[in-house]
Amino acid sequence: MSESNAAKDKLEANRVGKLPSVYLLPDFIDEIAEARLLSQVHSRGRWKQLSGRRLQEYGGTVHQKHGLLQAPLPSWMRALTERVASETGLWNGALPNHVLLNAYPPGSGIMSHQDGPLYDPCVCILSLGCPATMHFKRKQPLHQQQQQQPGPGSGFVSSPDQTLRSRQHSPESSCQPVQAAETGAESATHINPALSVLLMPRSLLIFRHSAYEECLHGIDEVVQDHFSHQEDDLTLYGLQAPCSLHRKSERVSLTIRRVPRVRRGLLRL
Ligand SMILES: O=C(O)CCC(=O)C(=O)O
Ligand SMILES: [Fe+2]
């Protein structure tokens, strides 16, 4: 079997939930590699402070009109992106060229959003540090969004004082508007999640195609995630429902993507 067929088979064996294109690779890296990555992440680069999280961007800046104004990835990050590409068989032999680092203090998250149209519709997220849960919600038709949204550039997440999360969506009354996501069009939904995936440290979450294009994804602002039913992700981690996971320390994630349109050398725009 060719290397890329083996990678595709491995992905299919690690598909989670009912959405057709979400995959989870638990322990994609070991604890030594995690500690090394965390020290790389914290020893260099300048963080941009956003509401509730810090951000660093590697590989260049994504420009609406020109695509990726490319800057080289640091060698430690290139080694990781090459491994992700070869072990997943994603991007058909091309390499991801853009990585976002997000650092979340306990109890923070990221509002529901869709990543921008300039990326290949395929994302790999490596989690380090503390667990969290990613919720996918189907986008609503525009006319329904207009009735429910507070306006462009804002969205809804669970309120910070909500301490429990089960695999049910929070009631509308516990929602509050937050700043739009960095990476693309945002909109709010109030329907039940189509899928919730536990992001344990060292795991690699992958989503693409319809999960990328037809869903929003986000992480609730809670200090504890509760799982009432046994689902694929828990089984892959060897966990048994019901169970709760506390977010006691910082979570760092690396969002690995590919921007097909590249402009080399930073331009003055
Ligand atoms: O931190 C995460 O797991 C999610 C990050 C994300 O959705 C993004 O960078 O677009
Ligand atoms: Fe995202």
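**His217 and the iron site**

I started at His217, which counts as buried because its relative accessible area is 4%, under the 20% cut-off. Worth noting up front: this is a predicted model.

Next I looked up what holds the iron ion (ligand 2). Its donors are His113 (NE2), Asp115 (OD) and His217 (NE2), at 2.1 to 2.2 Å. Along the sequence these donor residues are spaced H-x1-D-x101-H. The two histidines come from distant parts of the chain: His113 sits in strand β7 (residues 110-113) and His217 in strand β14 (residues 215-219), 104 residues apart. I checked His113 for burial too, and at 3% relative accessibility His113 is buried.

**Arg257, behind Asp115**

I then asked what else the side chain of Asp115 makes a polar contact with. I found the side chain of Arg257, at 2.7 Å. Arg257 belongs to strand β17 and is buried, with a relative accessibility of 1%. I also pulled a C-alpha distance for Arg257: Asp120 is 137 residues away along the chain, yet the two C-alpha atoms are separated by 7.1 Å.

**Helix α2**

I moved on to α2, which runs over residues 31-43. The helix has 13 residues and spans 18 Å from first C-alpha to last, close to the 18 Å expected at 1.5 Å a residue.

Which residues of α2 are buried? I get Ala33, Glu34, Leu37, Gln40 and Val41. Looking down the axis, I see these buried residues within an arc of 125 degrees, so they line one face of the helix. That fits the usual rule: an α-helix has 3.6 residues a turn, so residues three or four places apart point the same way. On the face turned away from the buried side I noted the exposed residues Glu31, Ile32 and Arg36.

I listed what covers the buried residues of α2, and the cover includes β3 (53-58), α3 (75-88), β6 (98-104), β8 (122-129) and β17 (251-257). Arg257 turned up above in that last strand, β17.

I looked at both ends as well. At the start of α2, a side-chain oxygen of Asp30 comes to within 3.2 Å of the backbone nitrogen of Ile32. After the helix comes Gly45, with a positive phi near 80 degrees.

**Glu34**

An acidic residue in the buried set of α2 made me look again. Glu34 has a relative accessibility of 9%, so it counts as buried. I searched for a polar partner and found Arg202, with the two side chains 2.7 Å apart in a polar contact. Leaving out residues up to four places away in sequence, I count Ile29, Leu128, Gly129, Pro201 and Arg202 as touching Glu34.

**Aromatic pairs**

I ran the ring search over the whole structure and got 3 aromatic pairs. For Tyr58 and Trp76 the ring centres are 6.3 Å apart and the planes are at 75 degrees, so I logged the pair as edge-to-face. Tyr58 lies in strand β3 and Trp76 in helix α3, so this pair ties together parts 18 residues apart in sequence. Tyr58 is buried at 12% relative accessibility, and Trp76 is buried, also at 12%.

Then I checked Phe207 and Tyr212, which form a tilted pair with 6.4 Å between centres and 35 degrees between planes. Phe207 and Tyr212 are both buried. Ring pairs also bring in Phe136, giving a cluster of Phe136, Phe207 and Tyr212.

**Backbone oddities**

I finished with the backbone angles. As background, most residues other than glycine have a negative phi, and most peptide bonds are trans.

Where is the cis peptide bond? I found it from Ala241 to Pro242, with omega near 0 degrees. Pro242 sits in the loop between α6 (232-237) and β16 (243-246).

I also flagged positive phi values outside glycine. Asp27 has a phi of about 50 degrees and lies in the loop between β1 (22-25) and α2. With a relative accessible area of 54%, Asp27 is exposed. His209 has a positive phi of about 45 degrees, and I placed His209 in helix α5 (residues 209-213). His209 is partly exposed, with a relative accessible area of 44%.

Conventions. Residues are numbered from 1 along each chain as its sequence is written. Chains are lettered from A and ligands numbered from 1 in the order in which they are written. This is a predicted model: local features need pLDDT of at least 70, side-chain atom pairs count only at pLDDT 80 or more; totals for chains, interfaces and linings use all residues. Side-chain values use heavy atoms; hydrogens and water are left out. Donors are N, O and S atoms within 2.8 Å of the metal (3.2 Å for Na, K and Ca); water is not among the atoms, so sites may look incomplete. Helices (H or I, at least four residues) and strands (E, at least two) are DSSP runs, numbered from the N terminus. Buried means under 20% relative accessible area, exposed over 50%, partly exposed in between (1.4 Å probe, protein chains only). The expected span of a helix is 1.5 Å times one less than its number of residues. The arc is that of the directions from the helix axis to the C-beta atoms. Contact means heavy atoms within 4.5 Å. A polar contact is a pair of N or O atoms within 3.5 Å; within protein, one must be able to donate a hydrogen and the other to accept it, and residues adjacent in sequence count only if both atoms are side-chain atoms. Rings of Phe, Tyr and Trp (its six-membered ring) pair if their centres lie within 6.5 Å; planes under 30 degrees apart count as stacked, over 60 as edge-to-face and the rest as tilted.
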